[in-house]
Amino acid sequence: MESHTVRNDRFPPKRGGLRTRAVVALLATTLLSACQSVIEQTYEPTVSPSSNPQIVDEVQKNDPRAQLGAREHPRIVASYGGEYKDAKTERLVARIAGALTAVSENPQQSYRITILNSPAINAFALPGGYLYVTRGLLALANDASEVAAVLSHEMAHVTANHGIERQQREEAEVIASRVVSEVLSSDLAGKQALARGKLRLAAFSRNQELQADVIGVRMLGEAGYDPYAAARFLDSMAAYSRFSAVDPEADQSLDFLSSHPNAPQRVDLARRHARAFGAEGTSGDRGRDYYLAGIDGLLYGDSPQEGYVRGQTFMHGQLGIRFDVPAGFQIDNKAEAVLATGPGDVAVRFDGIADTARKSLTDYIASGWVTGLQPETIRPISVNGLEAATARASADRWDFDVTVVRIDNRIYRFLTAVPKGSRALEPTANQLRTSFRKMTPAEAQSLKPLRIRVAVVKPGETIATLAARMMGTDRKLDLFRLINAMQVTSTIKPGDRVKIISE
């Protein structure tokens, strides 16, 4: 199942200005909002509460707090892309959480840990002991103590009953009254609304965050982990935020920092509380070796259900399609569509819908879903042997090319927008059209997702040579340093282990 978030941490960010953002917004509204995306059509609803909790067999049945968590659990799982299933990673997280449970503020509290199948970087808790961590956060962390710092902070929210206090303030909110069936439907808008509405369940007050910081650092130290990991991971989160902020289109509403304010004083307070266990570097275990072993092979970025971006190419193995964008364009694989932006305020939107009416494609273009359509420009064409049609449209200060292609029971749609009068419209639209084709079975089979790979530094290797092996981004060195918590002045030596993103 796909995760309905904007992916900040996967592919090269767009660098467009305000006009580009405006046309992307226009593209998003030009097509009918009720239409399903190409991604939605591959979704098979299988979301349900896990039958195998990682920490306990079942959450306390008679606890009213657990009833609240149980009600919200399927919604959280659905909006974050389902559960991430990998026995090795699940055992890793269970090991970390188990050590923390032993020193919890409330030894009677049981916990249910769910790894969410999302590249977003987040963790949060629900009343009753429901804890969540995304695979994106696990990819960013560099040792067990950093994940322990996150989980102990979330456990502190549970033991301090922060969720109950928050729920009492929000009893009238829509998110508290939605039923699970809404999440399990195929309605994209409803899922996106829930994905954002549930942020109310993940947001605590500043005082609650500070209280959880204090409890979490104490739990870290008492569980035998490096108590300075909390401050260290807050620094990594700040670096991640700076990396993501380069993208002007970035929607970080589903990421950790949106619900966990990262003020510098929080880092200072975390270090101050950690000093109770000794000077930095003198107490606690980081657990780096077994942590890296546990995340080696972790899925990174897009899942197969969403398709992949590789350089200037979008490929979807399950749908068996691919196309290229012109040089200089940046692709953003969003939940509702694939967007691309390029020089000169040029923008592209690609999606697909179920072809239920089976009308001619020229009639489909003329059926009312395109604003500003110029009917006289509608014409049938062939795209690499596939039935297709194209037309022009104009709205506000923008000119559009509309191209639709039929494959089996789906219609795929390209909408290209340029500033009115721009000569870039035809060459951009033509490259998209001519490059769109069905993948061969061999191509689809060879398409692999990106994963975290742990590499041992060999003699002669440098940060630059290791970073050159990174895939899925044109900011290889920046992303390599980010996921390995390295500064510009950091060095490596033979025998060190580092994370690399590759197939």
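These legends accompany several close-up views of a predicted model.

**Figure 1. The whole chain, as a starting point for the close-ups.** Before zooming in, here is the overall inventory: the protein has 19 helices and 17 strands. Of its 503 residues, 58% count as buried. The protein exposes about 19,600 Å², and carbon and sulfur atoms supply 51% of that area. If you look at contacts with a separation of 6 or more, residues 24 or more positions apart account for 71% of them. The structure also holds 27 salt bridges, and some of these appear in the views below.

**Figure 2. A three-stranded open sheet with mixed pairing.** Reading across this sheet, the strand order is β1-β3-β2. The edges are formed by β1 (112-116) and β2 (123-126), each of which pairs on one side only. From one strand to the next, the twist averages 20 degrees. Strands β2 and β3 (residues 130-134) run antiparallel and are joined by four bridges. To find your way along this pair, start at Ala 123, whose bridge partner in β3 is Val 133.

**Figure 3. Asn 122 in the loop between β1 and β2.** This view stays with the previous sheet and turns to the loop that holds Asn 122. Is Asn 122 buried or exposed? Its relative accessibility is 0%, so Asn 122 counts as buried. Its side chain has a polar partner: a contact of 2.9 Å joins the side chains of Asn 122 and Tyr 80.

**Figure 4. Strand β13 and its two hairpins.** Strand β13 spans residues 398-407, and ten of its ten residues are buried. In a regular strand, side chains alternate between the two faces of the sheet. Here both faces are covered: one side carries Trp 398, Phe 400, Val 402, Val 404 and Arg 406, all buried. The other side carries Asp 399, Asp 401, Thr 403, Val 405 and Ile 407, and these are buried as well. On the β12 side, β13 pairs with β12 (residues 386-395) in the antiparallel sense over eight bridges. The pairing between β13 and β14 is also antiparallel, over ten bridges. Val 404 is a handy landmark for both pairings: Ala 389 stands opposite Val 404, and the bridge partner of Val 404 in β14 is Arg 413. Take a look at the turns too. The hairpin of β12 and β13 has two residues between its strands, and Asp 396 in that turn has a positive phi of about 55 degrees. The hairpin of β13 and β14 likewise has two residues between its strands, with Asp 408 showing a positive phi of about 55 degrees.

**Figure 5. The salt bridge of Arg 413 and Asp 351.** Arg 413, met above as the partner of Val 404, returns here with its side chain. The side chains of Arg 413 and Asp 351 meet at 2.9 Å, N to O. Which strands does this pair link? Arg 413 lies in β14 (residues 410-419) and Asp 351 in β10 (residues 346-354), with their positions 62 residues apart along the chain. Both Arg 413 and Asp 351 are buried.

**Figure 6. A salt-bridge network that includes Arg 286 and Asp 226.** Five residues are to be picked out here: Asp 143, Glu 146, Asp 226, Arg 232 and Arg 286 are linked in a network of salt bridges. Within it, the side chains of Arg 286 and Asp 226 meet at 3.3 Å, N to O. The two residues are 60 apart along the chain: Arg 286 sits in the loop between α13 (264-274) and α14 (288-295), and Asp 226 in the loop between α10 (206-222) and α11 (229-245). Arg 286 counts as partly exposed because its relative accessibility is 40%. Asp 226, by contrast, is at 3% and therefore counts as buried.

**Figure 7. Arg 497 in strand β17 and its surroundings.** Arg 497 lies in β17 (residues 497-502). With a relative accessible area of 26%, Arg 497 is partly exposed. Leaving aside neighbours within four places in sequence, Arg 497 is in contact with Arg 288, Asp 289, Leu 292, Val 454, Ala 455 and Val 456. Its side chain reaches the backbone oxygen of Asp 289 at 3.0 Å. The C-alpha atoms of Arg 497 and Val 454 are separated by 6.4 Å, although these residues are 43 apart along the chain. Also in this part of the chain, the side chains of Asp 496 and Lys 493 meet in a salt bridge (3.1 Å, N to O). Asp 496 has 21% relative accessibility, so Asp 496 counts as partly exposed.

Methods
Residues numbered from 1 in each chain as written. Predicted model: local features only at pLDDT ≥ 70, side-chain atom pairs only at ≥ 80, totals over all residues. Heavy atoms only, no water. Pairing = 2+ DSSP bridges. Axes fitted to C-alpha atoms, helices over the stretch in contact; angles between N-to-C directions. Buried < 20%, exposed > 50% of the residue type's maximum accessible area, 1.4 Å probe, protein only. Contact = heavy atoms within 4.5 Å. Polar contact = N/O pair within 3.5 Å; in protein donor to acceptor, adjacent residues only side chain to side chain. Areas by Shrake-Rupley, 256 points an atom, 1.4 Å probe, with all protein chains shown as cover. Salt bridge = Lys/Arg side-chain N within 4 Å of Asp/Glu carboxyl O.
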